[in-house]
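Could you walk me through this structure while I have it open in my viewer? Please tell me what to select at each stop and what is there.

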Amino acid sequence: MRSLNTVRLLAASVSLTSALILMIWPEAATAATPAAQSFLQPMGPVAEEQATHLLRVVAITMIVILPVLIGVPVLLWRYRLNSEKAKYTPEWESSRRLELVLWGVPVVIVIVLASWLWYSTSKLDPYKPLGENPLQVQAIGLDWKWVFIYPEAGVATVDELAIPVGRPVELTLTTDTVMQSMLIAPLAGQIYAMPGMTTKLNFSAARTGTAEGENTQFNGNGFGRQKFTVIALEPDGYDAWVSRARSAPMLDDATYAVLRRRSVLADARADLGLSRDATPLYFSGPDSALFQRVVEKYHRSGTASDMEELGGTGLPPQGGADHE
Amino acid sequence: MTHQTSPIFGRLDWNVTPYTDLLEKVTSSTIVGAGAATVLVVGAIGAVALLTWMRWWKPLFRDWLTSADAKKIGIMYIVLALVMLARGIIEGFVMRAHQATALGTLAEPESGLVAPDHFAQLFSTHGTIMIFFVAMPLLIGLINFVLPQQLGARDMAFPVLNQVSLGMTAAGAGLIMISLLIGQFGTGGWTMYPPYTGIQYSPGEGVDYWLWAILISGVGSTLTGMNFAVTIFKKRAPGMHFMRMPLFCWTSLCVAIMLIYAMPALTVSSNAGAGPLCRFPLLHE
């Protein structure tokens with residue numbers, strides 16, 4: 001037991017230290033970890049901009065923080081009771097110059113930070129494409145997994161998002177259950193997805209590698225395991241990936257209805273008669289209107305039989321073969 | 001588990017306690033759940049026994065529960081906050097212990113100290129308790145104790161209303177405590193965002209616990225905010241101009257204004273909810 005605790009303690013200190021190192025030298029991460037999890041290990045221009053912005057904010061804030069952290073102990077020591085160097089001025093009340101610095105510097109810093117934030121935020125508008133002809137991908141958030149549809153290539157996946165390096169990507173999101181929130185930290189910021197509505201997220205990968213994507217809005221028991229892999233491939237590697245996915249089985253409405261059940265990826269695989277593990281699912285030939293139909297499900301008020309299409313709109317049935 | 005619906009008790013029967021879960025299947029999660037319920041029951045019985053043994057019932061009622069003295073009400077607020085803090089801290093420990101032991105992979109079924117549903121309830125109660133039943137009563141208690149004395153006022157502007165506010169906060173806290181023993185708490189976190197917490201996706205009694213606790217204590221906190229503001233505006237001692245008020249009084253005024261503006265919105269939204277998305281047929285009708 002003791003040795004296990006020592007290992008955990010060591011692991012904790014190692015991760016703390018590496019977090020500090022990452023703050024100073026983000027490239028350190030690229031070699032070490034298999035799937036990037038943080039915007040401090042950026043894989044594309046959006047996360048790079050975010051990382052730079054954070055470091056810039058930290059540096060500017062230090063203008064206020066460092067003098068306080070250093071000044072307080074220095075002043076305490078200098079003006080201690082039996083100090084001989086310090087002047088004793090009990091009648092001293094205020095200093096115009098000091099007040100000007102104490103109020104002026106923070107005001108200037110807030111103005112600088114605010115305008116920089118305004119500039120960065122509008123520059124990183126998630127709805128703005130990052131270049132010509134972005135790769136269109138549609139994402140449907142389900143209970144505890146994500147379906148990605150590639151209308152151009154005619155393939156679909158569950159819990160794996162492959163993108164070619166260098167080509168901008170435009171993700172259109174919705175959910176077929178409660179509100180969800182997608183975050184692929186090494187590539188872009190967080191974006192919400194709501195049933196019956198769509199949101200957009202634009203990003204691009206500047207280098208090959210894998211990143212972890214996740215849902216950050218609690219949606220039930222499988223929430224903690226709703227992770228997916230983002231793979232940035234060289235263009236020819238991406239083409240090979242697409243042709244591999246094209247040989248996979250069809251994504252028809254019945255399969256989609258199974259996917260819509262409340263299940264994590266492994267349980268959904270079991271429901272489809274596959275091995276129960278976390279290997280992503282590939283499908284070919286998804287209905288080109290599937291995404292639109294999922295969105296429109298939530299705009300209809302028809303009879304119950306109408307609503308049954310694509311698994312209906314209410315609380316999905318529990319998935320996972322051993323649950324039923 | 002099938003619940004038979006009785007005309008009086010609805011779905012309330014002997015199977016709603018965590019002991020049923022423990023008897024069904026002994027896991028670390030059901031042990032933690034039943035253990036928490038036991039602490040609640042033993043604590044309640046212990047408190048009643050102590051009050052009886054020490055013959056404190058009468059002084060408790062006469063000197064404390066019926067007292068409109070802001071200082072005493074302040075102390076009672078702080079005691080309430082400390083009791084809830086004890087639960088909040090223990091929940092924090094359980095959650096961290098779970099995170100330290102939940103070392104499963106994406107493919108494996110859930111592992112760790114508590115089940116996913118139990119963990120979700122823990123972070124919901126922990127968040128709700130720490131915000132609404134620790135941070136707020138602690139501050140309100142401190143202000144109750146200090147503010148009238150700093151202003152030179154004899155008491156709050158509305159002393160009896162002050163008692164009512166304390167009672168409503170305590171009732172909300174009581175509801176959250178009862179959820180340890182009877183039924184389950186909501187799993188939507190302390191913000192309980194719809195549509196996940198709507199009647200369709202969270203059909204159990206859990207979200208109702210949260211809604212009622214926030215509604216009842218929210219009314220109490222709104223009234224407290226008004227009480228503080230009126231006391232500061234109207235009950236200052238002669239010569240206590242605004243600019244002579246101690247800084248703490250100004251802080252209290254800010255708190256009071258925030259309470260007045262924030263709590264009704266929260267209370268109304270937990271009441272009427274997001275219309276059909278939300279779940280409050282009781283008050284919505």
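**Stop one: where the chains meet**

Start with chain B and chain A together and look for salt bridges between them: the count is 0. Keep in mind as you go that this is a predicted model.

Polar contacts do turn up, with 3 residue pairs between chain B and chain A, both partners at pLDDT 80 or more. Now select helix α5 of chain B, residues 116-151: this helix gives 4 residues, the largest share of the side of chain B that touches chain A. Colour that side of chain B by class, and you will find 13 nonpolar, 3 polar and 3 charged residues.

To show the whole contact, select 19 residues from chain B and 21 residues from chain A. Between them, the two chains bury about 1600 Å², and carbon and sulfur atoms give 64% of this area.

**Stop two: inside chain B**

Next, show Met84(B), Phe133(B), Leu147(B), Leu151(B) and Phe228(B) as sticks; within the largest nonpolar core, which has 40 residues, these touch the most other members. For the surrounding framework, select α4 (70-101), α5, α6 (159-178), α7 (206-234) and α8 (247-272) of chain B, each of which supplies at least two residues of the core.

Centre the view on Leu147(B). Which residues is it in contact with, leaving aside neighbours within four places in sequence? They are Met156(B), Phe228(B), Ile232(B), Cys249(B) and Ser252(B).

**Stop three: a second core**

Finally, pick Ala36(A), Tyr150(A), Leu201(A) and Ala232(A), which are among the 35 residues of a second, separate core.

Technical notes
Residues are numbered from 1 along each chain as its sequence is written. Chains are lettered from A and ligands numbered from 1 in the order in which they are written. This is a predicted model: local features need pLDDT of at least 70, side-chain atom pairs count only at pLDDT 80 or more; totals for chains, interfaces and linings use all residues. Side-chain values use heavy atoms; hydrogens and water are left out. Contact means heavy atoms within 4.5 Å. Buried area is the accessible area (1.4 Å probe) that two parts lose on being put together, summed over both. A salt bridge is a side-chain nitrogen of Lys or Arg within 4 Å of a carboxyl oxygen of Asp or Glu. A polar contact is a pair of N or O atoms within 3.5 Å; within protein, one must be able to donate a hydrogen and the other to accept it, and residues adjacent in sequence count only if both atoms are side-chain atoms. Ala, Val, Leu, Ile, Met, Phe, Trp, Tyr, Cys and Pro count as nonpolar, Asp, Glu, Lys and Arg as charged, and the others, Gly among them, as polar. A nonpolar core is a set of buried Ala, Val, Leu, Ile, Met, Phe, Trp, Tyr and Cys residues joined through side-chain atoms within 4.5 Å. Buried means under 20% relative accessible area, exposed over 50%, partly exposed in between (1.4 Å probe, protein chains only).
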